[in-house]
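The following exercises are to be worked through with the sequence and the coordinates at hand. Each task is followed by a solution that proceeds step by step.

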Amino acid sequence: MQDRLHILEDLNMLYIRQMALSLEDTELQRKLDHEIRMREGACKLLAACSQREQTLEATKSLLVCNSRILSYMGELQRRKEAQVLGKTGRRPSDGGLLAERSPCRGRVCISDLRIPLMWKDTEYFKNKGDLHRWAVFMLLQLGEDIQDTEMILVDRTLTDISFQNHLLFTEAGPDFKLRLELYGACMEEEGALAGAPKRLATKLSSSLGRSSGRRVRASLESTGGSGSSPVLLPTPAVSGPRYHLLAHTTLTLAAVQDGFRTHDLTLASHEEHPAWLPLYGSVCCRLVAQPLCMTQPTASGSLRVQQAGERQDWARVHGVLKGTDLFCYRQPEDADTGKEPLFTIAINKDTRVQAGELDQTTGRPFTLSISNQYGEDKVTHTLQTESRGALQSWMEALWQLFFDMSQWKQCCDEIMKIETPAPRKPPQALAKQRSLYHEMVLSEPGAPGGPGEGLLLQDNAISAEIRALLSSYYSDR
């Protein structure tokens, strides 16, 4: 049965690759091939892991890879349908006319993710009851782009789950939907003596006394099964821990604010669920957005400007439309070198723009006026272009800017600051639980033939392989 599943899975991956090739989308094909390779590597490492931390990271990587592959499959299917409809001349089922104007794209960044916990009084304040731990991380999806946070351990000593990642999505529209999903795996607390090798069991049996030592030693030896293999050696076909969806929510443009804000979470588990975590039901984060119209010039060129209230000669300037301002420089080089402009004309949602052609005999045939209201005062600047085509280009850029403002709304009031995320690094090993076994030294470092030497060498080799795989994984993110 397992062989049949592998065959079906291979055929499915082959079909996906062939679809990507038929669309001739090399970038999407590259992403898909990368995730497929990472998925295959994660499956192999999952079967080889012997430490809990390694197994959790490998399982997390596998879940993220599966999510990305499914996302790319959906995008491939959409593009294939669009290609077929284009060749046959058919239209999508909605049949509506395409919008004449599309809003600009933008960047969306989420940071300072915190999820408060709600422990019982007896658990948090009185430290009573069984101590349980959870390994948790967040999966975030915007369109086909899927990103994940680091994995952290949670127990009743924490009041909230805090992720330090800055996650940046570079291809977002004003209608974006950012889905946040919290995943967790319950880690049942192992006994402080569980998994200790036989030499440690012998030491403990002699130090604890004859009767108590016999019971401890019997308990330790029973964890190794029949005793024919070392206790800590990995067993074949390790299934790995299972992550469960604990909570989720979807954030849109309405949630964007240049500050810390709280949003409701939809809980996906109950108290009887094996992976249940006492969540308060909310998530706190900073969600900001930068439309491209606010950070990149949308129009530039030579202009003659008559400033408000002046009827003298027109000033020749180099105009640059960027964000909510029309910057007027003395020379084009001044804009590149960062010099201060001669003056600036504000452009906002209340600005009024009107184009007009004056008499050709005046020598100034192509003009447009920009008016702003400041209280009871109305300030108007008149701009003159060199040709009809230049006038149309400036008018089109201004109307596009107004349209972008109407779509991105509060994101165009001022430029929100986005910190550039640091390059992702392979996750560090999770903090191990301290116990008597961890405090005892079984052999001197470097002593050949010491107890557990082969095991330690094997674990180090697996750790190196995992680090190499994860390093390759995060270097392409």
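**Exercise 1.** Determine which residues the ring pairs link into a cluster with Phe137, and classify the geometry of each pair.

*Solution.* In this predicted model, ring pairs link Phe137, Tyr183 and Tyr243 into a cluster. To place the cluster in context, begin with the search of the whole structure, which finds four aromatic pairs. One of these is formed by Phe137 and Tyr183, whose centres are 5.7 Å apart with 15° between the planes; since planes under 30 degrees apart count as stacked, this pair is stacked. Next, locate the two partners along the chain: Phe137 belongs to strand 2 (residues 133-142) and Tyr183 to strand 7 (residues 178-187), so that the pair links distant parts of the chain, 46 residues apart. Both Phe137 and Tyr183 are buried.

Then turn to the rings of Phe137 and Tyr243, where the centres are 5.1 Å apart and the planes stand at 80°, so this pair is edge-to-face. Because Phe137 lies in strand 2 while Tyr243 lies in the loop between helix 6 (210-222) and strand 8 (244-251), the pair ties together parts that are 106 residues apart in sequence. Tyr243, like Phe137, is buried.

**Exercise 2.** Find what sits over the ring of Phe137, and at what distance from its centre.

*Solution.* The charged end of Lys60 sits over the ring of Phe137, at 5.2 Å from the ring centre.

**Exercise 3.** Decide whether Glu57 is buried or exposed, and give its place in the secondary structure.

*Solution.* Glu57 is found in helix 3 (residues 52-88). Its relative accessible area is 8%, and because buried means under 20%, Glu57 is classed as buried. As a last step, compare positions in sequence and in space: Glu57 and Ala135 are 78 residues apart along the chain, and their C-alpha atoms are separated by 9.6 Å.

**Exercise 4.** Establish in which sense strand 1 pairs with strand 11, strand 6 and strand 5, and over how many bridges.

*Solution.* Take the partners in turn, starting with strand 11 (residues 282-291), which pairs with strand 1 (residues 106-116) in the antiparallel sense over seven bridges; here Arg114 has Cys284 as its bridge partner. With strand 6 (residues 167-172), strand 1 pairs in the antiparallel sense over four bridges, and Gly106 stands opposite Ala172. Finally, four bridges join strand 1 to strand 5 (residues 160-163), and these strands run antiparallel, with Phe163 in strand 5 as the bridge partner of Leu113.

Definitions and conventions: Residues numbered from 1 in each chain as written. Predicted model: local features only at pLDDT ≥ 70, side-chain atom pairs only at ≥ 80, totals over all residues. Heavy atoms only, no water. Phe/Tyr/Trp six-rings, centres within 6.5 Å; stacked < 30°, edge-to-face > 60°. Buried < 20%, exposed > 50% of the residue type's maximum accessible area, 1.4 Å probe, protein only. Helix = DSSP H or I, 4+ residues; strand = E, 2+ residues; numbered from the N terminus. Lys NZ or Arg CZ within 6 Å of the ring centre and 35° of its normal. Pairing = 2+ DSSP bridges.
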